[in-house]
Amino acid sequence: TAAADHLGVTQSALTHRLREAERRLDAPLFRRTGNRLFLTPAGERLYSTAVMVLDDLFRTEEDVSLLAKEQRTVVRLGQGTYSRFHWFPGFIEYLGDPELELDIVARAVREPLITLLEGLVDVVTVHGIPREQRRLRWLRLANDPLVAIMAPSHPMAERDFVTADDFVNERYITYSLEPEPGFEWTHLFRSARQRPRRLSVVGVPEAIIDLVRAGLGVSILSQWAVQPEIDDGTLVARPVGQSGLNLDWWAVVRADESSDAPAMRVAEAMVAWSRLREQGTAQLSFNQPVDQVHSNL
């Protein structure tokens, strides 16, 4: 009854639609217990897909509405691996372009390049070595170290740097067990005599940070992702190995974007902003002192 009221149809009409959906799919979508409905596994699968499709549809409608009104051009941003966007407000302020509307697409975290090629996002930030260069254009953002993170009270916080042996008897909280190029499973643990004996796979950076901050384990993440916690003293970061481990980060757009396309303007602004952050002058506006920005580069 509540669903029918929400959709603006009668209860009988909604019941008919549900039965028709089950008939077309030849699968039950609900199981009935008393006067309540519960999703079956098939219904859960259909529902999860519908949520994603509707989210994309609503975003597209908003984009089209803005384009039709000639108000702003929407540029959709995605970020690989890390679902942390503490840098986003500062970048918007730096960009300072009233003609551009920046939107974040969270789905790009898992498969940033695929979502870019499929047109679901316009710019993605990823780490590693450029690949798929025929269809994509790569703009280098920065080199960022991987760091071991721990609570301030953890014994490892007293070390100048950490090695693979330091993790053997620790609860190691990892983003993924898959050996991604450049990350700790390829550069630190692959050649080590022993690996961490206690592993917890937590595929959400925020959850990893919360667990480590609470003293429930240690982890290795890219430094920029945990910089706010390092700055406020709730986490301690130490280099991985005496020489450290570093990742190159890139802003990637589709190769067919023209040099003056909105996506390229945003990607180039991200590059310039990244350079200025390294120099400690990221408060500059990208649009106003363009000559100054390029001369610094």
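Is S200 buried or exposed? That was my starting point today. I am working from a predicted model.

**Entry 1: S200**

I looked up the relative accessible area of S200 and found 15%. Buried means under 20%, so S200 is buried. I then checked where S200 sits, and the answer is strand β8, residues 198–201. Next I listed its contacts, leaving out residues up to four places away in sequence. S200 touches R171, Y172, I173 and T174.

**Entry 2: T15**

I went to T15 next, which lies in helix α2. Its relative accessibility is 28%. The buried class ends at 20% and the exposed class begins over 50%, so T15 counts as partly exposed. I also took the distance from T15 to A4. The two are 11 residues apart in sequence, and their C-alpha atoms are 8.9 Å apart in space.

**Entry 3: the largest pocket**

How much space lies in the largest pocket? I noted about 980 Å³. I counted 25 residues in its lining. Nearest the centre of this pocket lie A3, L7, L14, L18 and F30. I then asked which elements supply at least two residues each to this lining. They are α1 (2–7), α2 (11–25), β1 (30–33), β2 (36–39) and α3 (41–68). By residue type, the lining of the largest pocket has 16 nonpolar, six polar and three charged residues.

**Entry 4: the second largest pocket**

I moved on to the second largest pocket, which holds about 510 Å³ of space. Its lining has 17 residues. A142, D144, W224, S274 and R277 lie nearest the centre. Two or more lining residues come from each of β6 (136–150) and α9 (262–279). Helix α9 gives the largest share, five residues. I sorted the lining of the second largest pocket by type and got seven nonpolar, seven polar and three charged residues.

**Entry 5: helix α4**

Which residues of helix α4 are buried? In this helix, residues 88–95, I found F88, F91, Y94 and L95. These buried residues cover an arc of only 125° around the axis, so they sit on the same side of α4. The spacing fits a general rule. An α-helix has 3.6 residues a turn, so residues three or four places apart point the same way. I then turned to the face of α4 away from the buried side. P89 and E93 are the exposed residues there. Last, I checked what follows α4. It is G96, and the phi of G96 is positive, near 55°.

**Entry 6: strand β11**

How many of the 10 residues of strand β11 are buried? I found eight, so I wrote down β11, residues 245–254, as mostly covered. Then I looked at the pairing of β11. Strand β5, residues 123–127, is joined to β11 by four bridges, and the two run antiparallel. Within this pair, H127 stands opposite W249 of β11. Strand β6 also pairs with β11 in the antiparallel sense, over 10 bridges. For P145, I looked up the bridge partner in β11 and found N246.

**Cross-check**

I went back over my notes for elements listed twice. Strand β6 pairs with β11, and β6 also gives residues to the lining of the second largest pocket. Helix α2 carries T15, and α2 supplies residues to the lining of the largest pocket.

Notes:
Residues are numbered from 1 along each chain as its sequence is written. This is a predicted model: local features need pLDDT of at least 70, side-chain atom pairs count only at pLDDT 80 or more; totals for chains, interfaces and linings use all residues. Side-chain values use heavy atoms; hydrogens and water are left out. Buried means under 20% relative accessible area, exposed over 50%, partly exposed in between (1.4 Å probe, protein chains only). Contact means heavy atoms within 4.5 Å. On a 1 Å grid over the protein atoms alone, a cavity is a set of points where a 1.4 Å probe fits but cannot get out, and a pocket is an open set with protein on both sides within 12 Å along at least five of seven lines; lining residues have an atom within 4 Å of a point. Grid points are joined across faces, edges and corners, and a volume is the space filled by probe spheres set on the points. Ala, Val, Leu, Ile, Met, Phe, Trp, Tyr, Cys and Pro count as nonpolar, Asp, Glu, Lys and Arg as charged, and the others, Gly among them, as polar. The arc is that of the directions from the helix axis to the C-beta atoms. Two strands pair if DSSP finds at least two bridges between them.
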